Amino acid sequence: MLNFDIEITGEFVAFFVLSVCAIVGAVLAINFTKVVHTALSIAFTFVSIAGLYVLLEAEFIAFVQVLLYVGAITILMIFGIMMTKHDGEGKEPGRPLHDTLAAIGCICLFGILFYGIRNANFPTESAPFVEDNTREIGKALFTQYAIPFELVSVLLTVAFIGAIALAKREEESSQ
Amino acid sequence: MEALQTLSWSDTWYLAPELVLSGFAILLVILDLLLPKRINRNVIGWLTLVGLLVSATFVVLLMLSLGDGTDPADSTPEFYSLLGGSYRIDDFGNLLKLVFLGASFFIVFSSLGTVRDTDVPVKAELYYLVLPAALGAMVMSSSGDLITLFVGLELLSITTYILVATRKRNRLSSEAAFKYVVMGGVASAFILYGMSFLYGLTGGTNFAFIAQGLGSAIENFEALLYICFFLMIAGFAVKLALAPFHVWAADVYQGAPTPVTAFLAVVAKGAAFAMLYRIFMNSAFLTPADGSFLQKDVFIALSVLAAAAMIVGTVGALRQKNVKRLLALSGVANAGILLTPLAINLTEMHASLFSEFIYFLIAYSFMNIGAFSVLTILTRDSGNESISGFAGLYHRAPWTAVAMTILLCSLAGLPVTGGFMGKLLILFGTFQTHTYWLGAVILVTTVISYAVYFSFIRQMFMRSGTVDAKLKMSVPATITIWVCTIVTLVLGFMPVPLLEGIDHIFSIPADLLVIQG
Amino acid sequence: MSMLSSYLTLAAVLFCIGLFGVLTKRNAIIVLLSIELMLNAVNLNLIAFSKYGVNPSIAGHIFSLFTITVAAAEAAVGIAVLIVLYRSRATVNVDEFDELRR
Amino acid sequence: MLDNLPVLSLIAFTPLIGALIVLLLPGARSNWLRATAIIFTLIPLVLVLLLFAVYEPATGGGVYTEHSTWLTIPLNKEVLDMKLQGGVASFNLAFDYHLAVDGISMPLLLLTGIVSTMSVLASVHIRKRWKTYYVLFLLLLTGIYGVFLARDLILFFIFFEVTLIPMFFLIGIWGYYGREKAATRFLLYNGLGSAAMLISFLILIVTLGFSVSEGSNFLYSANYDVLLGNLSDPNALANIDTGNSRYFGFFLSDNARWGAFVLLLIAFGIKVPIFPFHTWMLRVHTEAPPAIVMIHSGILLKMGVYGLIRFAAFLFPEQLQSWTTVLAVLGVINILYGAILACVQREFKLVLAYSSISHMGIVLLGIASLEEVGLQGAIYQSVSHGLISALLFLIVGSIYERTNSTNLSDLGGLAKAVPFMSGILLIAGLASLGLPGLSGFVGEFLSFLGLFGSMKILTAIGVLGILFAAVYVLRSILSITYGPLPERFAEMKDARFIEALPMITLAALIVLLGVYPSILTDLMQNGFNGLLEQIQTRMGG
Amino acid sequence: MSTFFAQYAWLVPVFPFAAFAILTAMGKGMSKTGAWIGTIATFASLVLSLCIATERLSGNAEDYSNQFTWIEIGNLKLHAGFEVTNLSTMMLVVVTLVGFLVNLYSQGYMKKDERISTFFAYVALFTSSMLALVLSDNLLTFYIFWELVGVCSFLLVGFWYQKPEARAAAKKAFIVTRIGDLGLLIALLLLFWYMPGHALDFTTIHNVFDSQGGGAISTGITTLIALLIFLGAVGKSGQFPLHVWLPDAMEGPTPISALIHAATMVAAGVFLVARTFDIFDASQVAMTTVAIVGAFTAIFAATIGLAQNDIKRILAYSTVSQLGYMMLALGVGSVTGAMFHLLTHAFFKALLFLGAGSVIHSVHTQDIREMGGLGGKMKITAWTFGIGALALSGIPPFSGFWSKDAILTAALDKQPILFVVGIIAAFFTALYMARLFFLVFVGKQREGQHAKESPSVMTIPLIVLAILATVAGFVETPFNGWFGHWLTGGDAEHHASGLVMVVSAAVGLLGLYIGWLMYVKGTIRRDAVSSRMPGLVTVLERKYYIDELYQWLFVKPLQGFGKALELFDEYVVDGIVRLSGYSVSALGRLNSRLQNGQVQTYALTAIIGIVILIVAIAGRRFW
């Protein structure tokens, strides 16, 4: 079942390298105890994923990925990290049962997913793809996906306002 | 794909309810910024109500403009489809939208005058954020496309994350919000993961596409398709708080401001159901039944979850002393019941799943909102969220106690209330399809739930509280309580008009299945 | 093993790592980051399907765009909530957020 | 004169109207409340008595039947073509508002009227929250009348449940020390019973209740008469096994029949109660206020009997027939178990509770006989036990009010202090132990007589119960009324008029039924025809 | 016509019932008048009974019966009705006569009691029920009144309810007889289902069982029915082993002992067997059983009577013994003998009880060891009591002699052993009667006792009964079988047996003589037996430990069983209920343990949940 004989192509090599980077980044992120390290290594993973997007001919998405995740989200996180103090990291007693169960759960889930993926009978040919997919994306966004697009704007506004409303310190004078 | 459809100005008519909501939301944000601090933010509450009402009016108008498909000569379309079917104005959506808007209306209405600034410093946000949340819910019930669905879901979720955290001075509120964010995020991830497979295996995000692709998908990727559905089930189970995915609910309900709790219990849950119906009836249900057990198994999984939710919710509520947590667990049990019509699937014998569902949803909404309104009044009075806060309520406010009793009877499914009729209909469905075990679970958990709900009644009627003074009632809350009580009774005694109405306008092929694209 | 399978497997690995992070990491910020990792795995899935899927289409790209946006919003709200929480608890340890219980 | 009135509805719903009126009266005017409650308890009694006067046993109560559709719930019209007969025009679930009276329900209606009136009179002992009390009391009455009148399964179920809630309150608010526990126990146990009943009912509705009316209008009916009709109709879908359950879910298989039957047995067995489902009622007997126990022991338990006969027996004659031995054994266990336990109790109310169990065992024997004599005996015994236990608890209430105890070791010699009450207590006791000339004997005798034809040994063992009855009745009553009178009771006053009135009435009725049983047996004359005919045909075929 | 009065026989029980109704309704307000109402009503019954009797004495009067349908269910009918036969006429006369005399006597005896009207009400109810029982034409009606007399007996035994002993005695009386009633009830059910046409009336029973050749009912069932009926009779008539209640029943007022526990009700058992004699006659086993039980009871009770010291208890055991005689008579096939003895016994035993009552009334004790020499003070009582004692001891020409003679003759015919037993019992009877009489009336008077003769309202009944006890025997002598003929319609069974007459008279005299020697003359020391065989005397004094035996054999085990069942009920039946409650709530606890506040636990639960769900539901398809 585990059939790994794959043609070694350029794409594959690139995929291999990037995926190793992504996984290593992710694993490191999980293993680091310092938050900053974690944030940075996860950013590394995000960049690797962006690379994979390029490989998958999704340059626009890759761009957005870098911009949003590596830029915005990770920065947001570091921002958060800096705002919150984090002294007593890594000193708590472990939770062996919990961690073991979590590991078992995740591994089982992965096993199931892997079984599904392995058992799938994917079409070997990738269909010819539109050249300028950024334009296509733009077109689609403003035609067929206009409603979700507008909605996302509402969503972002709400998140923005909400985040401010929550995070802002209340003036002592008020009420 | 056919010629790309774009939005035109004429489509604003179809989107009017949604547009009204987003418009009001933006307007109120600005208003809140401009209004001087000293002005009581109840104004925003009232305006929120106006927005909800206007939106509801448009929904009704849209419903009236739709044909019911009974008369072949009638050329009025049974539904409107926008953007290649990615957004649908049909009776499924409209009915649910009305429920969401109505529920939101009563929740906001009853909270007017009971929410205290000391508790919720950002009162304006509490009110106007209900609008985008309701908008999200409406989008979820109306979309015919995975992407739209997802965005709607996230709009609702993110808004509710914020709403939960609005008791800024309360340590519990932000903890609840955090838990909700984590669980909600994981759930979203699961749903998305499942959706990504659904997209990948069928080649479309539109339900029409998905339906077409299912046939070959089941041949080639049966296992992956199973996984895809189960991943989505997991995500939805978290959103719906079905056991064993329910544990967060109690914490979040407890931490949130009471109106938000009611919103979570009614609107958020209902919206998740709307999405579940949309997705599962247009994908899992349409998988070919011969040669694969996929369809059967998915619905069995839903049945199992429904049963587990009923059992765990009821049993868990037995030992619960905090009213909000108790109602959360009761909500878990009720989610199980609400899931049942879908879980027993649409078959030759059982075609009334939607009317069963929506009937009980309506009944459930009213009884929950009523109960939460009573709770709001009580917690404002004493700050006591424990069940003992109800002690001696009969002596302090006899009529409220009576109303609460009726609402509780409805929650417990005792005749003659909306809860009873709704449960009876759902039960009848389980028996029609010979799913006796599920029916038995419903009944037995219902009986156990008597112990839960009657413990309130014991407190209200058989114990004496620490305070004897008359309970101070706020007018909107009182009105809400009585509206809910009366509706509950009416639903119990006269279910037929509503059911006939639903039956009249609702038709499964046109309104639930998106086969025609 | 086709490329698609490889991508899917990678996505699955990342998803599960993310999940494991959510389940085990004590630091609330890492938990939030792990959720982002899960969402990223999903995006990878979507893009891979968009190229190699049964019916390759741009829809996958769109979907992932929305996902990314939504994830950003979610992260923002999450951090905001965390900040409020931190103010009252002076910790970001998830396992110390247990005042709501039973 | 009753022909033009919806008399059955009036019987069932006047208490409800009374409840609403009481609700509107000022709570401080206890006299008004009492008077209203009494009036609205009396109205149905009078109506029932009028009905009794004009009731013709030979023709049955068909004239008074009220039948109209109540709810017709549309099930979605797109029920895919079921390959039955072409297109489907409509598909409905119909609950009817169907009230009827016949030889089986008539005696129980009389019982309800009488006992409820006595109980409302006995409610003088209620000392707090009159208004709520009377509202709930009247609500309870509506439920009880409804149960005995309803001929639609769902309507029946609703009335059945409606009795639960007021009872919960009545026990829980006005009961003794352990009232809340008792109330909860009552609610849950009976709730489970109702759940079992509903399962069974729904199985019946989706199979037996299915019929095609007028072309392609499909209907699930919950109407009892429809079910009965389909049961005996060989062409009904419920009786045709097509072997394909997916498309024809209407077949009522043997297994389903058995399942439904056993569930009904459990459901009503809890109410009766049949051993081992009896523990809940012990608490109710001890904890509830006596006026309510009068209703509970006097009427509510009979709802179980009624249900057993009306549903378990009439709808499943075949199953019942093959289980008569089981039923009889259960009956004998009930008789002896209750009786022996009653012999060792120290608390008078518990003695009475166990004696109720014992007496209900006799009812089971009557049902198990499947003979007209036995079945009539079962109803007769129910009525008689209803009157007797109501009387006993009436006295218990009066005694408790004076002595603050009903423990046998605390009491004694009351015959000296309260000779009238003691005398009535003795009469009730003697009736309870089956003394001829009092109603208890007739019921027991008829039941035994019925069963003896088919199961001699079991009946003989069951007859032993009346020996134990003598033991526990005399033991307890004599230790209350006979013997030296303790000092502290010397100043006790005998029954007031308001107490004496119901006592005398009930005692007189007990004597009347004992001496002139034809009052009831004539009434029941044709009540069991349907069942007996079915059994006959089955025996023949 | 000859059934003129018989048609109105139903009025006989109605008079006393009316009295009962009036007395109950009027309540306490009429103590003196009340007594008279009861007495007059009984007198009316007596007059009517005598009219009927006269009517029937005039030759071959036809039996008259009348019935109506009591309950009609389907095609089954249960009747109620009355029937006048010679047998029932005799009983009518006995009951009304003794009843009237006891009423009269009670006027004096119960004078001081504050509940005198209640007393008379009860007596009236009893009389009424007893008369109705006698008149019943079928077994069901019979059973109904059979129970009613039982309950009246219970009420009257417990009349002085404040005495704990009275309470216990009343309870015992009712419960023990109920054991017998069970037998009768089951017999009734059996008969109902086996008799052709579900008939229960005595005439049909007579016809069915008489023509045994028809074999309508198998012998086994017949025996069973007969034995069950006999069980009823055993309970009511205080036969061994259900005799224990009768001596205890002496806690009731003495007139009651005379009326119910000597003359009438206890004889109802004998009457029952006589009434259904055809059933017994059809089963040899049943007959033998009746005879043996009767004979055994006769001697058994007589021996106990020897060692008792309570005047009423001695008489009570004597009653048990004499009822045994009657049963013996029935067992050997002599209905006439039984009924004859019933008749004479009713008179002389009522006489003895009333006499004893007179004594008790006067000296306020019942212990014969505290009495003595009363003969001088209470002449009438002493004389009449003496006559009664002689009649009981079977000394000719008193009535007891003749009736006992009839029984012994029949016994000798059938089975000599039974005869011997009877003779020995007769000896003991004479002996204890001598002891009783001599200890009470002869000898030295006790200090401090101011005995005086009772008022005439009490002595007149004594005199009347004394006359009857003397002469009643002549209706049936070995030389004149009129009574037997009249009663059974058959040929008189008079086998004049000189031997029997001589022997029975001789043992009677011997008993009296020995008693005289012991208690008057002192030739034989009183403790002659007790000093030599103390064990025996104790056994007799303790009534063969039967009560104790029952206590250990039935009462205690049953109580123990009841307690055990109570535990079972509490811990097993209810325990399971509670356990299921607990387990549900334990499940709830499990849920609340899950809610530990850790969001990661929640997520973990969810993940494990979904993994299990997939494995369980999807996994089975791919395994």
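## Worked exercises on a multi-chain model

Glu57(A) sits in the loop between α2 and α3 of chain A. We'll come back to that residue shortly. This is a predicted model, so local features need pLDDT of at least 70, side-chain atom pairs count only at pLDDT 80 or more, and totals for chains, interfaces and linings use all residues. Residues are numbered from 1 along each chain as its sequence is written, while chains are lettered from A and ligands numbered from 1 in the order in which they are written.

### Exercise 1: odd backbone spots

Work out whether Glu57(A) is buried, partly exposed or exposed, and do likewise for Ala90(C).

Step 1. Start with the backbone: phi of Glu57(A) is near 60 degrees, a positive value in a residue other than glycine. Ala90(C), in the segment after α3 (59–89) of chain C, also has a positive phi, about 60 degrees, and is not a glycine either. As background, most residues other than glycine have a negative phi, and most peptide bonds are trans.

Step 2. Get the cut-offs: with C-beta atoms placed from the backbone, a residue is buried if 20 or more other C-beta atoms lie within 10 Å of its own, exposed if 12 or fewer, and partly exposed in between.

Step 3. Apply them. Glu57(A) has 18 other C-beta atoms within 10 Å, so it is partly exposed. Ala90(C) has 11 C-beta neighbours inside 10 Å, so it counts as exposed.

Step 4. Now the peptide bonds. Ala243(B) and Pro244(B) are joined by a cis bond, with omega about 0 degrees; look for Pro244(B) in the loop between α10 and α11 of chain B. Another cis bond links Pro415(B) to Val416(B), with omega about -10 degrees, and Val416(B) is in the loop between α17 (398–412) and α18 (418–432) of chain B.

### Exercise 2: the build of chain C

Decide whether chain C is a compact globule or more spread out.

Step 1. Count the elements: chain C has three helices and zero strands (helices are DSSP runs of H or I of at least four residues, strands runs of E of at least two, numbered from the N terminus).

Step 2. Compare radii. The radius of gyration, taken over C-alpha atoms, is set against a globule rule of 2.2 Å times the number of residues to the power 0.38. Chain C comes out at 17 Å, well over the 13 Å the rule gives for 102 residues, so chain C is more spread out than a compact globule.

Step 3. Check the outline: the C-alpha trace of chain C spans about 50 × 25 × 20 Å along its principal axes. Even so, 82% of its 102 residues are buried.

### Exercise 3: who touches whom

Find which two chains share the most contacts, and which element of chain A gives the most to the side that touches chain C.

Step 1. Define the contact: two residues qualify if their C-beta atoms, placed from the backbone, lie within 7 Å.

Step 2. Rank the pairs. Of the eight pairs of chains in contact, A and C share the most contacts: 72 residues of chain A meet 58 residues of chain C.

Step 3. Break down chain A's side. The biggest contribution is from α3(A), with 13 residues. By class, this side has 54 nonpolar, 12 polar and six charged residues (nonpolar means Ala, Val, Leu, Ile, Met, Phe, Trp, Tyr, Cys and Pro; charged means Asp, Glu, Lys and Arg; the others, Gly among them, are polar).

Step 4. Look at pairs that miss each other. Chains A and D make no contact, with their closest C-alpha atoms 31 Å apart; chains C and D don't touch either, at 24 Å.

### Exercise 4: two helix pairs

Say whether α2(D) and α4(D) are roughly parallel, then ask how α4(B) and α12(B) run.

Step 1. Set the rules. Axes are lines fitted to C-alpha atoms, for helices over the stretch in contact, and angles run from 0 to 180 degrees between N-to-C directions. Under 35 degrees is roughly parallel, over 145 roughly antiparallel, 65 to 115 roughly perpendicular and the rest oblique.

Step 2. In chain D, the axes of α2 (residues 30–54) and α4 (residues 130–149) come within 9 Å and cross at roughly 5 degrees. That makes α2(D) roughly parallel to α4(D).

Step 3. In chain B, α4 (residues 91–111) and α12 (residues 258–282) pack at about 175 degrees, axes 9 Å apart. That makes α4(B) roughly antiparallel to α12(B). Their contact has 13 nonpolar, three polar and no charged residues.
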